[in-house]
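Open the model in your viewer and keep a selection box at hand. The stops below are given in the order in which to select them.

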Amino acid sequence: MHNHEQEAAIMKRFGVSNLPAASEYTLPQTEVTPSFYVVSALLSQGKTFDVAASYLSPTIENNTNRFELDFSDSIPEEVFTICKLVSSLGGRALLVGGCIRDLLYSDITTTKITPKDFDLEIYGLDFDTVTRMLITAFPNNKCEFKGKSFGVTKLYFDGLAEPLDIAIPRTEVSTGEKHTDFETVMNPQLDFIDGARRRDLRFNSITYDPLTKTIYDPFLGLLDLQQKEINVTDPETFIEDPLRVLRIMQFAARFEMTPTNETVSLCTRMVAEGKLDHLAAERVRDELKKLLIKGTKPSIGLRFIQEIGYLERYWPELQALVGTPQHQNFHPEGDVWEHTLQAVDAATLICEREHLPADKKLTVMLTILLHDVGKPATTTLDENGYYRAFGHEEAGVEPTLAVLQRLMFENKTQKEVAALLPRHMIIPSLYKNHLNGTSSDTALRRLSRKLWKEAELPISMLMHVTEADQRGRNGTSTQPLTDDEAPQVVALKKWLDEQTTELQVQTAPKEILLNNKAFLKHHQVAGGPWLGIINRCIELDQDEALVNSPEEAFFRGKEYFTRMQIHLGEEHITAKRYHQTWAALLEQEDPRTLFYPEY
């Protein structure tokens with residue numbers, strides 16, 4: 001809540017006092033305006049500051065759609081403080097970009113979004129003046145200056161999750177194919193229309209003056225928000241940064257908005273002309289992450305990039321899913337692409353329900369997006385006229401990693417996806433065995449242990465992927481199956497929850513019960529690769545419930561050690577020249593066959 005007591009406390013903390021209150025604020029004059037309030041306050045405290053000149057255009061608001069709206073409760077006090085400093089110097093500070101879009105979207109829909117990033121654009125003051133103002137007013141705050149080429153400053157406050165971005169209005173002209181190939185010209189004399197024209201989309205061109213509580217909407221962005229449409233602000237400036245095509249992708253998914261025909265045509269042409277060929281992989285990755293993490297319905301954004309030809313040109317692994325047929329009894333929804341779109345929407349709902357943190361949500365979403373990329377290469381028509389894709393799970397690992405590596409995803413994410421993707425059909429198979437009267441306890445213990453060993457993932461992460469896969473099979477609409485439409489999925493999840501709880505493998509698997517230190521002391525031998533073989537055997541015994549206590553593990557280990565001496569000889573245990581032999585044995589699926597052939 002904005003009040004004078006909080007304002008006074010903040011000004012005291014920042015070392016500035018006696019600035020005009022919001023009620024005293026009047027629009028600055030166009031003439032050169034000395035910073036009376038700031039200068040007097042700072043000089044009285046022994047601080048120096050140059051008197052500034054205002055370059056504010058007298059026609060700054062001409063022909064701009066405007067209306068009043070009070071967002072004071074949603075805007076940090078620090079923003080008001082800077083707006084007043086700028087005003088006292090004869091300038092205007094406007095909130096721009098995502099924060100205003102999100103506040104307006106929350107105001108006209110049932111979806112509430114709390115902005116974390118607040119960006120200010122300063123009209124009427126040059127970069128040097130703004131820089132001196134910030135350094136003088138906030139001497140103890142961390143500032144990052146992007147320099148005169150960009151005119152952007154990041155100002156950090158302890159009470160804010162993200163720094164404030166403070167920029168001078170600028171124009172940008174593309175000078176080459178890369179995103180760094182452009183010329184930037186700062187111009188504090190721009191009017192609101194020209195300042196907003198360079199922004200990508202109409203709803204991102206809306207600005208807000210916190211002091212006068214005025215919305216400026218020169219390109220009717222609010223109308224787009226209300227009609228849930230995506231229009232570019234200016235086609236000529238839009239094409240200067242090709243990444244904007246992918247921004248449309250993630251905005252469409254986040255706000256469930258539809259790009260207009262004109263927007264689709266422009267983006268299709270940009271893709272066809274290769275405008276996106278030189279985008280840095282990290283920038284593309286970041287837009288995909290926003291689609292998957294922030295999107296409420298990712299399928300909208302994915303349908304968009306498929307329509308404009310982006311998949312075919314840049315993500316052929318996903319384009320190959322389009323038109324790849326499936327067994328109609330198991331997949332009434334249609335081809336693999338339609339299944340994938342429904343599955344990613346289902347995964348979004350699941351991650352929301354489970355309150356997954358962003359990094360784990362990204363893993364689930366990437367896995368389900370790519371879970372069937374092995375199908376195009378493995379799909380065949382059987383003798384009964386049904387399409388089958390045997391082995392598609394394992395076949396999908398290589399193309400999946402190719403995509404993740406090409407987009408420079410973190411190694412940890414790659415490892416997690418690679419652990420989940422080839423196993424996305426295992427849980428339904430185990431449940432089927434359960435329904436047929438076959439115990440799945442050993443297989444679940446082993447599955448839990450493998451997921452943890454390969455990527456430190458709990459089995460619940462695999463269940464999220466499996467559930468999304470099962471729900472993405474709606475043959476009557478494009479929406480994922482609900483609980484009422486998919487009771488078998490509800491039953492599957494309930495069974496897995498009960499089994500993993502009973503087996504105590506909901507998170508990390510049980511530790512190996514063998515005490516290695518006591519074991520080595522008992523046998524009076526040094527450790528080595530051979531001990532890893534015994535631990536692996538004990539691990540498998542635990543999975544099969546043959547070993548359930550440290551005492552049983554110790555006894556079983558003695559048996560393995562004795563048989564090892566008999567079968568291989570004493571010298572194998574301590575000789576370093578046999579280490580390679582032990583390493584090879586450790587790679588076996590079940591090294592117990594070395595001691596007990598019946599395994």
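Select E485 first: leaving out residues up to four places away in sequence, E485 touches N474 and P480, where contact means heavy atoms within 4.5 Å. E485 sits in the loop between α23 and α24 (487-503); helices (H or I, at least four residues) and strands (E, at least two) are DSSP runs numbered from the N terminus. With a relative accessible area of 43%, E485 is partly exposed; buried means under 20%, exposed over 50%, and partly exposed in between (1.4 Å probe, protein chains only). Add R471 to the selection: R471 and E485 are 14 residues apart in sequence, and their C-alpha atoms are 8.9 Å apart.

This is a predicted model, in which local features need pLDDT of at least 70 and side-chain atom pairs count only at pLDDT 80 or more, while totals for chains, interfaces and linings use all residues. Residues are numbered from 1 along each chain as its sequence is written, and side-chain values use heavy atoms, with hydrogens and water left out.

Zoom out to the whole protein. Its secondary structure comes to 29 helices and 14 strands. Of its 599 residues, 53% are buried. Among contacts with a separation of 6 or more, 71% are between residues 24 or more positions apart.

Next, the core. A nonpolar core is a set of buried Ala, Val, Leu, Ile, Met, Phe, Trp, Tyr and Cys residues joined through side-chain atoms within 4.5 Å. Which members of the largest nonpolar core touch the most other members? Select I82, Y310 and W315, which do so in a core of 120 residues. Helix α15 (residues 336-354) gives this core its largest share, 9 residues. Now centre on W315: apart from neighbours within four places in sequence, W315 is in contact with V284, L288, I305, Y310, R406 and L407. There is also a second, separate core of 18 residues, with V525, I533, F595 and Y596 among its members.

Go back to α15 and show helix α16 (residues 358-370) with it. The two pack at an angle of about 165°, and their axes are 9 Å apart; axes are lines fitted to C-alpha atoms, for helices over the stretch in contact, and angles run from 0 to 180 degrees between N-to-C directions. α15 and α16 are therefore roughly antiparallel, since angles under 35 degrees count as roughly parallel, over 145 as roughly antiparallel, 65 to 115 as roughly perpendicular and the rest as oblique. Their crossing is right-handed: a crossing is right-handed if the near helix is turned clockwise from the far one by less than a right angle, and left-handed if anticlockwise. To see the contact, select T340, A343, V344, A347, T348 and C351 in α15, which meet K361, V364, M365, I368 and L369 in α16. By class, this contact has 8 nonpolar, 2 polar and 1 charged residues; Ala, Val, Leu, Ile, Met, Phe, Trp, Tyr, Cys and Pro count as nonpolar, Asp, Glu, Lys and Arg as charged, and the others, Gly among them, as polar.

Keep α16 and swap its partner for helix α23 (residues 459-471). Here the packing angle is about 40° and the axes are 10 Å apart, which makes α16 oblique to α23. α16 crosses α23 in a right-handed sense. The contact is made by K360, T363, V364, T367 and I368 of α16 with M461, H464, V465, A468 and D469 of α23. Its residues divide into 5 nonpolar, 3 polar and 2 charged.

Two backbone stops follow. Most residues other than glycine have a negative phi. K213 has a positive phi, near 55°, and lies in the loop between β9 (207-209) and β10 (214-216). K213 is partly exposed, at 28% relative accessible area. Then select M408, where phi is also positive, near 60°. M408 is in the loop between α19 (397-406) and α20 (411-420), partly exposed at 42%.

Is E287 buried or exposed? Select this residue in helix α11 (residues 281-294): E287 is buried, with a relative accessible area of 4%. Beyond neighbours within four places in sequence, E287 contacts L243, L246, R247, M249 and Q250.

The last stop is N140, in the loop between α5 (127-137) and β4 (143-145). N140 counts as exposed, at 72% relative accessibility. Add Y156: the C-alpha atoms of N140 and Y156 are separated by 9.7 Å, with their positions 16 residues apart along the chain.
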